[in-house]
Amino acid sequence: MITLTPKNRMVALLCGVAFLNLSLFALGGEMKNADSTKQNRIEIKDFAFNPQIITVKSGEKVTWINRDEEPHTIVSVEKQFKKSTALDTDQEFTITAGAPGTYSYFCSVHPKMTGTIVVK
Ligand SMILES: [Cu+2]
């Protein structure tokens, strides 16, 4: 039988605190993961945006990455977001989706390249 001396009580308390800390840490890690999986990525390859239509929630980020050897830009048809600079190979451009609606965009270097973001 274990008697609870003051020292034993202290050890038990410390174990409890350590356990609580671990649980909080695990929870924080999970929340962080959930956030980082919320990535909306559009690849630019072979003179096309992939996916060509993407649906995101207002406030989420949308990132384009240029996988072509040619420079491309991202320009909102109705100026719903600032236009990108000319993206070099593997260069990225990120916007934050604003008010719900349909955002059409194109590449000013190759105006036939078009895409759509649907913001819910
Ligand atoms: Cu282009």
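## Overall architecture

Helices, of at least four residues, and strands, of at least two, are taken here as DSSP runs and numbered from the N terminus. In these terms the protein, which is a predicted model, reads α-β-β-β-β-β-β-β-β along its sequence. Its secondary structure thus consists of one helix and eight strands.

The protein has 120 residues, of which 28% count as buried. About 8400 Å² is exposed, and carbon and sulfur atoms supply 61% of that area. Among contacts between residues at least 6 apart in sequence, 51% join residues at least 24 apart.

## The copper site

Three residues coordinate the copper ion: His72 through ND1, Cys107 through SG and His110 through ND1, at 1.9 to 2.2 Å. The spacing of these donor residues in sequence is H-x34-C-x2-H. His72 and Cys107 link distant parts of the chain, being 35 residues apart. His72 belongs to the loop between β4 (61-66) and β5 (75-76), whereas Cys107 belongs to the loop between β7 (101-106) and β8 (114-119). Both His72 and Cys107 are buried.

## Thr73 and its surroundings

Thr73 is located in the loop between β4 and β5. The relative accessible area of Thr73 is 5%; the limit for a buried residue is under 20%, and Thr73 is therefore classed as buried.

Leaving aside residues up to four places away in sequence, Thr73 touches Phe49, Ser84, Thr85, Ala86, Phe106, Cys107, Ser108 and Val109. One of these, Cys107, is also a donor to the copper ion. The side chains of Thr73 and Ser108 are joined by a polar contact of 2.7 Å. The C-alpha atoms of Thr73 and Leu87 are separated by 6.0 Å, although the two residues are 14 apart along the chain.

## Aromatic pairs

The structure contains five aromatic pairs. In one of them, the ring centres of Phe49 and Tyr105 are 4.8 Å apart and the planes meet at 75°. Planes over 60 degrees apart count as edge-to-face, so the pair of Phe49 and Tyr105 is assigned to that class. Because Phe49 lies in strand β2 and Tyr105 in strand β7, this pair ties together parts that are 56 residues apart in sequence. Phe49 and Tyr105 are both buried.

Tyr105 also forms an edge-to-face pair with Trp64, with 5.2 Å from centre to centre and 85° between the planes. Here, too, distant parts of the chain are linked: Trp64 is in strand β4 and Tyr105 in strand β7, 41 residues apart. Trp64 is buried at a relative accessible area of 0%, and Tyr105 counts as buried at 1%. Through ring pairs, Phe49, Trp64, Phe81, Phe93, Tyr103 and Tyr105 are linked into a cluster.

## Strands β4 and β6

Strands β4 and β6 run antiparallel and are joined by five bridges. Lys61 stands opposite Thr96 of β6.

The side chains alternate along β6, which spans residues 92-96. Phe93 and Ile95 point to one face and are buried, while Glu92, Thr94 and Thr96 point to the other face and are not buried. Phe93, on the buried face of β6, is also a member of the aromatic cluster.

## Backbone features in the loops

Most residues other than glycine have a negative phi, and most peptide bonds are trans. Which peptide bond is cis, with omega near 0°? The bond in question runs from Asn50 to Pro51. Pro51 is found in the loop between β2 (48-50) and β3 (53-56).

Two residues other than glycine are described here for their positive phi. Asp46 has a phi near 50° and is found in the loop between β1 (40-45) and β2. Lys79 has a phi of about 50° and lies in the loop between β5 and β6. Exposed residues are those over 50% relative accessible area; Asp46, at 58%, is therefore exposed, and Lys79, at 74%, is exposed as well.

Notes: Residues are numbered from 1 along each chain as its sequence is written. This is a predicted model: local features need pLDDT of at least 70, side-chain atom pairs count only at pLDDT 80 or more; totals for chains, interfaces and linings use all residues. Side-chain values use heavy atoms; hydrogens and water are left out. Donors are N, O and S atoms within 2.8 Å of the metal (3.2 Å for Na, K and Ca); water is not among the atoms, so sites may look incomplete. Buried means under 20% relative accessible area, exposed over 50%, partly exposed in between (1.4 Å probe, protein chains only). Contact means heavy atoms within 4.5 Å. Accessible areas come from the Shrake-Rupley method with a 1.4 Å probe; for residues, only the protein chains shown count as cover. Two strands pair if DSSP finds at least two bridges between them. A polar contact is a pair of N or O atoms within 3.5 Å; within protein, one must be able to donate a hydrogen and the other to accept it, and residues adjacent in sequence count only if both atoms are side-chain atoms. Rings of Phe, Tyr and Trp (its six-membered ring) pair if their centres lie within 6.5 Å; planes under 30 degrees apart count as stacked, over 60 as edge-to-face and the rest as tilted.
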